[in-house]
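Colleague: Could you walk me slowly through one part of this protein? I would like to understand its nonpolar core.

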Amino acid sequence: MTQDNRIAIVTGGSRGIGAAVARQLAADGFSIMVNHSTNRDAALSVIDEIKAAGGRADGCQADVSRAADVVRLFEYTQERFGLPTVLVNAAGAMQLAPMADCDDECFDTMVNVNFRGTFNTLREAAKRMPQGSRIINFSSSVVGLKYPGYALYAASKAAVETMSAIVSKEMRGRNITVNTVAPGPTATSLFLQGKSDAQIDQLARVSPLERLAEPRDIAHAVAFLAGPQGGWINGQTLRANGGAV
């Protein structure tokens, strides 16, 4: 990639890990399209922060579970900056419950956002992204940890890992890498919400490094895969969890 075509779409870029990724890639010289579904004010805050630091950014509301929204996201990015050369699928949803308590709405949410959302963006990326592009999807280390209550969430993320590895092979001849980042417990407001100090301390000790990840830790992993040093990593799941699993 040259400086002129370093253009990244970050879905779910308005908060948490997605916002940290947007800031990091902007610092690395990418023009950033911050996608959000509902949180416009948070997206504008990230965009303003990037611009204040001298970067280029814009925002686009799009529900990744809707194919037409994803087409509009790619079209607006191309209109605003040019063809995207990096796609980061950070948008996600998590509802936790034992299997006996999971209702149809919970199932639909997990599948529509985590699985279908990634499918929609991957399909559009496969049609549009130019030679040498990078695609980074998001899974979760609970796929390996297998905590009770996470069955639907982990299953939707396991689907993302499998789909990513297969699409990396379908990109043969285009020099496009497709990888997945699978964070462990990470100190985002969404993760910390509703948890006691004891619960947070217990989760922090799952890793032998004995701390929660910060969003910037995960953003650094994404930046590596999106940058020049990550070009030989392809079809892999990077478990960014401090050694928890």
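Modeller: Happy to; here is a look at the core and the sheet beside it.

This is a predicted model, in which local features need pLDDT of at least 70 and side-chain atom pairs count only at pLDDT 80 or more, while totals for chains, interfaces and linings use all residues. Residues are numbered from 1 along each chain as its sequence is written, and side-chain values use heavy atoms, leaving out hydrogens and water.

A nonpolar core is a set of buried Ala, Val, Leu, Ile, Met, Phe, Trp, Tyr and Cys residues joined through side-chain atoms within 4.5 Å; buried means under 20% relative accessible area (1.4 Å probe, protein chains only). The largest one has 31 residues, and Leu-25, Ile-32 and Val-88 have the most contacts inside it. Helices (H or I, at least four residues) and strands (E, at least two) are DSSP runs, numbered from the N terminus. Seven residues of this core, the largest share, come from α1. Leaving aside residues up to four places away in sequence, Ile-32 touches, among others, Ala-8, Val-10, Ala-22 and Leu-25, where contact means heavy atoms within 4.5 Å.

Now for the sheet. Seven strands form an open sheet in the order β3-β2-β1-β4-β5-β6-β7, with parallel pairing; two strands pair if DSSP finds at least two bridges between them. β1 and β2 are joined by four bridges, and Ile-7 stands opposite Ser-31 in β2. β3 (57-61) and β7 (237-238) each have a single partner strand, so one side of each is left without a neighbour in the sheet.

How values were computed:
Buried < 20%, exposed > 50% of the residue type's maximum accessible area, 1.4 Å probe, protein only.
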